[in-house]
Amino acid sequence: MPLVFSMTTEKMERMSEPILIVENVKKYFNTARGIIKAVDGVSFFVNQGEVFGVVGESGSGKTTLGNMVVGIYTPTSGKIIYKGQDIAKHAKERPKWLKKDIQIVFQNPASSLNPRRTIRQTLEVPLKVHMPSSNIAERVDKLLEMVDLPPEFAERYPDELGGGEKQLVAIARALATEPSFVVLDEPTSALDVSVQGKIIKILMNLKKRLNLSYMFITHNLSLMSNVADRVAIMYLGKVRELAETRDFFLNPMHPYTRMLLSSIPVITDEEEKLKPKRIESMGEIAGALNIPPGCSFHPRCPFVMDVCRSVDPPLNELAPAHFCSCHLYTTSNNAYDKYKK
Amino acid sequence: MPLIQVKDLRVGYNVYEGLLKVLDGINFFVERKEKVGIIGESACGKTTAMKAIMRILAKNSVLMGGKILYDGNDILRMNDTQFTEIRRKKFSMIFQDPSAALNPVFTIRQQFYDIIRYSSNQRMTKDMIHERAVELLKQAALPEPERILDSYPFQLSGGMKQRVNIAMALVSANELLIADEPGTALDVTIEDQILRLLKKIVEERRISIILISHALGTIKHFVDRIYVMYAGTIVESGPTEKVFKNPKHPYTQLLIDSVPKLTGEGVPEGIPGIVPSYLNPPHGCRFVTRCPYAMQVCKEKVPPSYEVEQLHYASCFLYDNGENGKDE
């Protein structure tokens, strides 16, 4: 159900037209052991100039979702509307302008850069394909400057660079085609925290300067609270909560969000105060092959009710622009109130 | 006397380009029943230091000096028979990647029984071995130990595998458990469970633990005392509370500032520059190339350890007030 749209249409109209609309998208993989529902009916939109955050643990489907937006996977069903056109197909079938317009930065720059190409050669590839008439050598220098790397790096190999510098090259490569939408799939997760800040700062500056929109995928909630405008949390292929960042962290609703937030080991007292009442995490995320019936989170949920075991709750707008899919808020049961902060 | 006392440990690695001078004379100790944390970013030498204690350093490593005292005896100079006793009965280690630590072609039962047999002096019957394995799996909070024993590693989830590793480590960890990033490869909710379990186990068994991590939050909530490592040196140490409240070494200060906060005041700047190469590390303080307070003396001399407040030490010339610093 594309609930997200029906309920926010009004709001969407007031703002500018979203650059990306994902509507009830599914991606199933057929494997020898059965069907894996990696993404199972996800809907959201991303506004022009927005950083839309997607969080979730491993196996939640967040990377699959990002890959579908870029065209690495074809959705099993559903629509992906980008700048008014349905683009729910593989990159091979997408027109050239579209491939140029949506780019991706992967998690591990050590494996996403070709070790046998110099940085210049790496950056030249997208330029030669998408902007052959431009002065390529000059563009390469410009790109390095954009990500704050010295020009002499162009002649080096990835091996000669630090992890953070490699990721900056990957960012430069993504920006080579002058995209307007970039999927950032855990762009700093493979890096040390002392270099993470620099990468994020450069990404945010570029977004402003080049008027980009980001889909920012990460499992790091502390980082997310600092970069995203809105956050969606995924669990076993479904969005379980979606809200504006401030609201998401100040008033988390879904028990899973609260469990996740309360599990984060934080450093300062201010952060400790922000965390919801401790929900000790129990159990583990189920295998994607046998997703529990009803609400897929019910085996780990401390507030589980009978209805959760059979009926999957829809994603409802419980507060303005705050969506949550949980029976606690739709049944008359007040069990949850007791646990509120 | 501390359980473990590491004195001026120097370890390098021979590589094609030359000698990587990794550990540059580090000193630390672990008391009995103490929870000690070592924090540092990738390649700062924290795992190398632990491998030296367990004597499992890679073949190309070079021991350039130092001592690791256990009960007054130097582990590094023991013969194999002596050290085997320690490995069987006293120390054990858990690694970051639970999948890589288990053999994929044997069932948990086969691997577990081997370990129990190895660490026992007397001959044990199959029943005794089995009983011991089940008992330890239960301690690691694994339900259905029989099913776990019959599984191959791939049939278990990441969190379960790490629990199996903990159970296996408990066979020998009667005095010291070394946990090298035990939750880093796991999701945050699972990491939380694993750390709670480890804490419960070490407190119940009254053993010491060295927890290694790059995540400051994890360390802060787990250990009594921490050591901060940078590029093969220990730059700061002290009771956890004091170090986090009042970090003294510029690296520690910058590192704590670098962590994005849940409260969302914007992403911090991080630390400028990159870690120096171990082939040619700076002569003086190894942080000198990135330090905002670098002075001339920092380039020339290795800073000694200064006691900045009670039991809180920082190796930085900023705290040199005329008298020379002392080793801990």
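**Exercise 1. A salt bridge between the chains**

A:R278 and B:D192 are joined by a salt bridge in this predicted model, with 3.1 Å between the closest N and O atoms. Place this pair in its setting: which elements of the chain A side touch chain B, and how many salt bridges cross the interface of chain A and chain B?

*Solution.*

Step 1. Count the salt bridges. The rule finds 3 of them across the interface of chain A and chain B, while a search of the whole structure, over all chains, gives 36.

Step 2. Locate the two partners. A:R278 belongs to the loop between helix 12 and strand 11 (316–319) of chain A, and B:D192 to helix 7 (residues 188–205) of chain B, so the pair joins two chains.

Step 3. Assess the accessibility of each partner. The relative accessibility of A:R278 is 37%, so this residue counts as partly exposed. For B:D192 the value is 11%; the cut-off for buried is under 20%, and B:D192 therefore counts as buried.

Step 4. Add the polar contacts. The rule finds 24 residue pairs in polar contact across the interface of chain A and chain B, both residues being at pLDDT 80 or more.

Step 5. Identify the contributing elements. Two or more residues each come from helix 8 (193–210), helix 9 (221–227), helix 11 (255–263) and helix 12 (269–274) of chain A. Helix 8 of chain A gives the most, with 7 residues.

Step 6. Classify the residues. The side of chain A that touches chain B holds 15 nonpolar, 11 polar and 14 charged residues.

**Exercise 2. The extent of the interface**

State how many residues of each chain are in contact and how much area chain A and chain B bury between them.

*Solution.*

Step 1. Choose a quantity. The accessible area lost when the parts come together is often used to give the size of an interface.

Step 2. Apply it. Chain A and chain B bury about 3,200 Å² between them, and 56% of this area is on carbon and sulfur atoms.

Step 3. Count the residues. On chain A, 40 residues are in contact with 37 residues of chain B.

**Exercise 3. An open sheet in chain A**

Determine the strand order of the 4-stranded open sheet of chain A, and explain why strand 2 and strand 5 of chain A each have one side without a neighbour in the sheet.

*Solution.*

Step 1. Write down the order. The strands of the sheet follow the order 2-1-4-5, with antiparallel pairing.

Step 2. Find the edges. Strand 2 (34–47) and strand 5 (85–86) of chain A each have a single partner strand, so one side of each lacks a neighbour in the sheet.

Step 3. Examine one pairing. Strand 1 (residues 18–31) of chain A is joined to strand 2 of chain A by 11 bridges, and the two run antiparallel. Within strand 2 of chain A, A:I36 is the residue opposite A:F29.

**Exercise 4. Strand 1 of chain B and a salt bridge**

Describe the pairing of strand 1 of chain B with strand 4 and with strand 2, and then locate the salt bridge between B:D24 and B:R10.

*Solution.*

Step 1. Take strand 4. Strand 1 (residues 4–15) and strand 4 (residues 61–70) of chain B pair antiparallel over 8 bridges, and B:I4 faces B:Y70 of strand 4.

Step 2. Take strand 2. Strand 1 of chain B pairs antiparallel with strand 2 (residues 18–30) of chain B over 10 bridges. B:Q5 has B:F29 of strand 2 opposite. These two strands form a hairpin with 2 residues between them.

Step 3. Place the salt bridge. The closest N and O atoms of B:D24 and B:R10 are 3.2 Å apart. B:D24 lies in strand 2 of chain B and B:R10 in strand 1 of chain B, so the pair ties together parts 14 residues apart in sequence.

Step 4. Check accessibility. B:D24 is partly exposed at 24% relative accessible area, and B:R10 counts as partly exposed at 30%.

**Exercise 5. A link between distant parts of chain B**

Are B:E34 and B:R225 buried or exposed, and where does each lie?

*Solution.*

Step 1. Establish the link. The side chains of B:E34 and B:R225 form a salt bridge of 2.6 Å, N to O.

Step 2. Locate the ends. B:E34 is in the loop between strand 2 and strand 3 (35–39) of chain B, and B:R225 in strand 9 (residues 225–230) of chain B, 191 residues apart.

Step 3. Conclude on accessibility. Both B:E34 and B:R225 are buried.

Key: Residues are numbered from 1 along each chain as its sequence is written. Chains are lettered from A and ligands numbered from 1 in the order in which they are written. This is a predicted model: local features need pLDDT of at least 70, side-chain atom pairs count only at pLDDT 80 or more; totals for chains, interfaces and linings use all residues. Side-chain values use heavy atoms; hydrogens and water are left out. Contact means heavy atoms within 4.5 Å. Buried area is the accessible area (1.4 Å probe) that two parts lose on being put together, summed over both. A salt bridge is a side-chain nitrogen of Lys or Arg within 4 Å of a carboxyl oxygen of Asp or Glu. A polar contact is a pair of N or O atoms within 3.5 Å; within protein, one must be able to donate a hydrogen and the other to accept it, and residues adjacent in sequence count only if both atoms are side-chain atoms. Ala, Val, Leu, Ile, Met, Phe, Trp, Tyr, Cys and Pro count as nonpolar, Asp, Glu, Lys and Arg as charged, and the others, Gly among them, as polar. Two strands pair if DSSP finds at least two bridges between them. Buried means under 20% relative accessible area, exposed over 50%, partly exposed in between (1.4 Å probe, protein chains only).
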